[in-house]
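Let's take a friendly walk through one protein model, picking out a few strands and helices along the way. Please have the sequence and the 3D view ready.

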Amino acid sequence: MNQRLLLAIAVASLTAAALAPSGAYAQYPTRPIRVVVPFPPGGVVDTVGRMWVQRVSPSIGTMVADNRPGAGGVIGAGEVARAQPDGYTLLIGNTSTQVLNPAVMTRPPYGAKDFATIDIIAISATSIIVHPSLPVRSLRELIRYAKENPGKLSYGSAGAGTITHLAGEMFKQRAGNLQIVHVPYKGVGLATTDLVSGYVPMLVANVTGHLLSLNETGKIRILAVNVPQRLKGAPNIPTAIPTVPNMIATLFTGVFAPAGTPQTVIDQVSQATRKALADASFQKLLVDSGIEPVLDSSPEKAQRFIDQEHDRLMPVIKATGFKK
């Protein structure tokens, strides 16, 4: 074998090695992947996250959902931000964890640069809900009641610093600076329980199948959803916009990894996500829960969307004096 041929073989081998996945990730994953859900069971992030784990696992490997609630998602998201960027710790993040917390906290334990964005899974609407004992059947009636009873109403949210908290403050400000007391909960599940029992008369929460079911049975009353158009899965519920202009507060739920996670891992998880979302049965599950699936996401599109949400929400945060 002449020297020129040997040189050609060596160059080809080096090129192949550079293009192939690194040895540590050529067979990713080789052990279970921990998927951190930074909120308690019962909320939209937990619902979407567990659906995603169930649908994506067959394409990737064993995944274990791990609820790490607290501080409006800060605890769980912070754990992922500090985790080894090896593909074995992922985050089901949302508007609160990825946009609001870093922006409104005095000393946030993490920032946007601490994560690699993989995909947006779905978008969900916040909603304004009351206990049936409250003598209101529309958003307009609720506003009138709040003005006639200043300081006597309170609303629950999924926690301080969450999109439900921001939506509640936005509603108060845009409906005429209503005097309604905020009651933060450690997740929407506990808040929903207190709403059904009548302990708290009002709730601002992201729409889920559970809430839609409670609404259908008359245990709660969803007055409006805070999105531009009515939900496909709940077309009978009006939007807030005709009564409160520009009352739009949505929540994205997506998949994130610690910054520095290999691109081969990011791409593999993203491809599995798009494959899962292409399944009509998965789409139906989300829509029936009042959640809109995002069918054309990618790491690049997802990051652009998050940047746009940041730019859209910053003026709202300043206008409402929203802090954590």
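## Strands and helices in a predicted model

Strand 5 (residues 153-157) and strand 7 pair in the parallel sense over 2 bridges. Pairing here means that DSSP finds at least two bridges between two strands. Helices (H or I, at least four residues) and strands (E, at least two) are DSSP runs, numbered from the N terminus. Before we go on, note that this is a predicted model, where local features need pLDDT of at least 70 and side-chain atom pairs count only at pLDDT 80 or more, while totals for chains, interfaces and linings use all residues. Residues are numbered from 1 along each chain as its sequence is written, and side-chain values use heavy atoms, leaving out hydrogens and water.

Back to strand 7, where Leu203 stands opposite Gly156. Strand 7 also pairs with strand 4 (residues 115-130), this time in the antiparallel sense, over 5 bridges. There, Asn206 of strand 7 is the bridge partner of Thr126.

Which residues of strand 7 lie on each of its two faces? Met202, Val204 and Asn206 are on one side, Leu203 and Ala205 are on the other, and all are buried. Buried means under 20% relative accessible area, exposed means over 50%, and partly exposed lies in between (1.4 Å probe, protein chains only).

The table shows how many residues are buried in three elements.

| Element | Residues | Buried residues |
|---|---|---|
| Strand 7 | 202-206 | 5 of 5 |
| Helix 6 | 163-174 | 10 of 12 |
| Helix 3 | 74-81 | 7 of 8 |

Now look at helix 3, which is largely enclosed by the rest of the structure because 7 of its 8 residues are buried. Among them are Val74, Gly76 and Ala77. The cover over the buried residues of helix 3 includes strand 1 (33-37), strand 3 (89-94), helix 4 (95-104), strand 4 and strand 9 (250-258). This cover is judged by contact, meaning heavy atoms within 4.5 Å.

Helix 6 lets you check a length for yourself. At 1.5 Å a residue, its 12 residues should span 16 Å, and the end C-alpha atoms are 16 Å apart, which agrees. The expected span is 1.5 Å times one less than the number of residues. The buried residues of helix 6 include His165, Glu169 and Phe171. After helix 6 comes Gly176, with a positive phi near 115°.

Finally, find Asp279 in the loop between helix 9 (263-277) and helix 10 (280-288). Asp279 counts as partly exposed because its relative accessibility is 32%. Its C-alpha atom is separated by 17 Å from that of Gln268, 11 residues apart along the chain.
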